[in-house]
Amino acid sequence: MQSLTEKLYNKNVIFSYYGFIDNSVLEQVLRITKSKLEINGESQPIVARVYDAINNCVENIIEHNFFPGDAILKYKSLLVVSYNVNTYTVDTINVVNKTQKESIEEHLAFLNSKSKGDLVSIRSGILSKNLQQALVETAGLGLIDLMIKTDTCEYSFKDYDSNFLFNINFKINSTK
């Protein structure tokens, strides 16, 4: 995993945010990033893909962030949107507990083993409620959408206190 310093100084960071993330922060992040991409002359399909990736990533943080006790201010999240050699990267880090880590690893391993076509079928099955496989149903539509709309997904975990820092990033090729 590349260090944050390397990312900030060696990549074109379009937007970064560190702190507590809620829906009002999400709205501002989306507005600012979309504006920067449009000012830079990016095509609407790429703006939409980056926008959707940010939206889904941050919504997952909001929905699944882990705050033990009253430690909400201690367990901040990080979002970095960067651009390097025709690729946008949406990178997030947040704190998860052991149970969440195990569930995330299981879901991501399952989804990463599937082709884009398989993911589209899984998404359709969930939407039509015809799919009975519990693992697929709990994988989450937002994550499946991210896997479909982005070009690559990488993730890692690092010990943090008695919990874990969960880092996930999605890459979007701007030439496609």
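Q: At about what angle to β1 does helix α2 (residues 23-39) run?
A: In this predicted model, helix α2 lies across three strands, namely β1, β2 (77-84) and β3 (87-96). Taken against the direction of β1, the helix runs at an angle of about 170°.

Q: Across which strands does helix α4 (residues 98-112) lie?
A: Helix α4 has its direction given relative to β4, to which the helix runs at about 160°. The strands that helix α4 lies across are β3, β4 and β5.

Q: In what order do the five strands form the open sheet?
A: The pairing within this open sheet is antiparallel. Two strands stand at the edges, β1 (12-19) and β4 (152-160), and each of them has a single partner strand, so one side of each is left without a neighbour in the sheet. Neighbouring strands are turned against each other by 10° on average, with direction ignored. Read across the sheet, the order is β1-β2-β3-β5-β4.

Q: How many bridges join β4 to strand β5 (residues 163-173)?
A: β4 and β5 run antiparallel to each other, and within this pairing F157 stands opposite F166 in β5. The number of bridges that join the two strands is nine.

Q: What pattern does the protein chain follow when read along the sequence?
A: The elements to be placed in order are seven helices and five strands. Among contacts between residues at least 6 apart in sequence, 67% join residues at least 24 apart. Along the sequence itself, the elements follow the pattern α-β-α-α-β-β-α-α-α-α-β-β.

Q: What percentage of the 176 residues of the protein chain count as buried?
A: A residue counts as buried when its relative accessible area is under 20%. The chain as a whole exposes about 9500 Å², and carbon and sulfur atoms supply 51% of that area. Of the 176 residues, the share that counts as buried is 40%.

Q: With which residue does the side chain of R49 meet in a salt bridge?
A: A search of the whole structure finds four salt bridges, and in one of them the side chain of R49 takes part at 3.2 Å, N to O. The pair links distant parts of the chain, 102 residues apart, with R49 in helix α3 (residues 44-64) and its partner in the loop between α7 (141-149) and β4. R49 is buried at a relative accessible area of 18%, whereas the partner is partly exposed at 26%. That partner is D151.

Q: How far apart are the closest N and O atoms of the salt bridge that K149 forms with D52?
A: K149 and D52 form a salt bridge, and this pair links helix α7, which holds K149, with helix α3, which holds D52, across 97 residues. Both residues are partly exposed, K149 with a relative accessible area of 32% and D52 with one of 26%. The closest N and O atoms of the pair are apart by 3.3 Å.

Q: With which residue does D145 form a salt bridge?
A: The closest N and O atoms of this salt bridge of D145 are 2.4 Å apart. D145 lies in helix α7 and its partner in helix α5 (residues 116-128), so the pair ties together parts that are 22 residues apart in sequence. D145 is buried, with a relative accessible area of 12%, while the partner counts as partly exposed at 29%. The partner of D145 is R123.

Q: At roughly what angle do the axes of α4 and α7 cross?
A: Two packed helices are described by the distance between their axes and by the angle between them. Here L108, L111 and N112 in α4 meet L143, I144 and M147 in α7, and α4 passes α7 in a right-handed crossing. The axes of α4 and α7 come within 11 Å, and the angle at which they cross is roughly 35°.

Q: Is N169 buried or exposed?
A: N169 has its place in strand β5, where it touches T89, V90, D91, T152, C153 and E154, not counting residues up to four places away in sequence. C57, although 112 residues apart from N169 in sequence, is 8.8 Å from N169 in space, C-alpha to C-alpha. The relative accessibility of N169 is 7%, so this residue counts as buried.

Technical notes: Residues numbered from 1 in each chain as written. Predicted model: local features only at pLDDT ≥ 70, side-chain atom pairs only at ≥ 80, totals over all residues. Heavy atoms only, no water. Pairing = 2+ DSSP bridges. Helix = DSSP H or I, 4+ residues; strand = E, 2+ residues; numbered from the N terminus. Axes fitted to C-alpha atoms, helices over the stretch in contact; angles between N-to-C directions. Contact = heavy atoms within 4.5 Å. Buried < 20%, exposed > 50% of the residue type's maximum accessible area, 1.4 Å probe, protein only. Areas by Shrake-Rupley, 256 points an atom, 1.4 Å probe, with all protein chains shown as cover. Left-handed = near helix turned anticlockwise from the far one by under 90°.
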